[in-house]
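Subject: Handing over the predicted model

Dear colleague,

I am passing this structure on to you, and below it you will find notes on what turned up when I went through it. Please read them with the structure open beside you.

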Amino acid sequence: MVKILKSFSIFSELLDREIQLLTPLAKKVGLKKGDTLFRQNAPRTAFYLIEKGEVEIVKQSNDEYKPIIIIKAGEFISENALLEDHPHGAFAIAFSNEVSVIEFDKNSLKHLLSENPILAGKIYPEIARSMANRLSQLNAKTFKLQTRQAAGSYRVEHDFLGDM
C-alpha cells in the first residue's frame with residue numbers, strides 16, 4: 001500500500017514513516033461502470049484516490065444530468081470532505097469498466113491530520129493546488145460553452161467568480 005499511496009501527487013513528497021500513518025486508514029474499493037461512488041446531496045464521509053479507471057462527476061438539475069468533469073487514475077476527489085461539512089454537490093459515477101479507488105474515512109483522516117501538523121502541512125497545499133487546477137479547467141469549459149453562440153447574438157460570459 002505504501003508504494004501505491006506514494007504514486008499519488010498528494011502523497012508523493014511524504015516520508016515513508018508519514019505514509020505508514022496513512023496506510024491503516026486506506027481501504028480499497030472496486031466499482032464497475034455506472035456504479036455510484038457518492039451521491040449529490042449526500043453527506044461527505046470520505047476522501048478518495050482514483051487508483052485505476054475514471055470517475056465522472058455529474059450534476060443533477062431537475063431531471064437532467066450534466067457531466068462536469070472526468071477524474072482520472074492518479075487523481076483524487078471529495079477533498080472538500082476534509083475542509084467542510086456540506087453535502088456533495090454532485091454525483092461521482094464510475095466511468096470506466098473497472099474502477100479502483102482508495103477510500104479514507106473523513107473523520108479518521110481529519111483526526112490524523114489534526115494530530116500531525118507537519119503531515120497536514122504537506123497534504124493541504126496539494127489539495128489547494130488540485131482545487132485551483134480544477135477551477136481553472138471548469139472556468140475554461142464554462143467559457144467555451146458560453147461563447148459558442150451564433151454570430152451576432154448577445155452573449156454574457158461568466159466565470160466561477162462572477163460576471164465579466
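A good place to begin is strand β4 (residues 54-61), which pairs with β5 in the antiparallel sense over eight bridges. Here helices (H or I, at least four residues) and strands (E, at least two) are DSSP runs numbered from the N terminus, and two strands pair if DSSP finds at least two bridges between them. Ser61 stands opposite Glu64 in β5, and the two strands form a hairpin with two residues between them, where Asn62 in the turn has a positive phi of about 60°.

Before going further, please note that this is a predicted model, in which local features need pLDDT of at least 70 and side-chain atom pairs count only at pLDDT 80 or more, while totals for chains, interfaces and linings use all residues. Residues are numbered from 1 along each chain as its sequence is written, and side-chain values use heavy atoms, with hydrogens and water left out.

As for the overall layout, the protein has four helices and 10 strands, and from the N terminus on its elements run α-α-β-β-β-β-β-β-β-β-α-α-β-β. Of its 164 residues, 37% count as buried, where buried means under 20% relative accessible area and exposed over 50%, with partly exposed in between (1.4 Å probe, protein chains only). Among contacts with a separation of 6 or more, 72% are between residues 24 or more positions apart, a contact being heavy atoms within 4.5 Å.

The first topic is the sheet that holds the hairpin. Four strands form an open sheet in the order β2-β7-β4-β5, with antiparallel pairing. Because β2 (36-38) and β5 (64-72) stand at the edges with a single partner strand each, one side of each is left without a neighbour in the sheet. Neighbouring strands of this sheet are turned by 30° against each other on average, direction ignored; axes are lines fitted to C-alpha atoms, for helices over the stretch in contact, and angles run from 0 to 180 degrees between N-to-C directions. At the β2 edge, β2 and β7 (residues 91-94) pair in the antiparallel sense over two bridges, and Thr36 stands opposite Ile93 in β7.

There is also an open sheet of four strands in the order β1-β8-β3-β6, with antiparallel pairing. Its edge strands are β1 (26-32) and β6 (76-77), each of which pairs on one side only. Seven bridges join β1 to β8, and Lys27 has Glu103 as its bridge partner in β8. Helix α3 packs on this sheet, touching β3 and β8, and its direction makes about 55° with that of β8. Six bridges join β3 to β8, with Ser100 in β8 as the bridge partner of Lys52, whereas β3 and β6 pair over two bridges, with Tyr48 opposite Ile77 in β6. Strand β3 is mostly covered, since five of its seven residues are buried.

Helix α3 deserves a closer look. Lys106, Leu109, Leu112 and Leu113 are buried in it, and they lie on the same side of α3 because they cover an arc of only 135° around the axis (the arc of the directions from the helix axis to the C-beta atoms). On the other side of α3, Asn107, His111, Ser114 and Glu115 are exposed. Which residue of this helix counts as buried at 10% relative accessibility? That residue is Lys106; leaving aside its neighbours within four places in sequence, Lys106 is in contact with Arg44, Thr45, Ala46, Ala81, Leu82 and Asp85.

The last topic is the nonpolar cores, each a set of buried Ala, Val, Leu, Ile, Met, Phe, Trp, Tyr and Cys residues joined through side-chain atoms within 4.5 Å. The largest has 21 residues, and those with the most contacts inside it are Ile10, Phe11, Leu22, Phe47, Leu49 and Phe104. At least two residues of this core come from each of α2 (16-22), β3 (46-52), β8 (98-105), α3 and α4 (117-147), and the largest share, four residues, comes from α4. A second, separate core of 17 residues includes Leu31, Ile71, Ala94 and Val101. In the β3 strand, Phe47 has contacts beyond its neighbours within four places in sequence, among them Ile10, Phe76, Leu82, Phe104 and Leu109.

With best wishes
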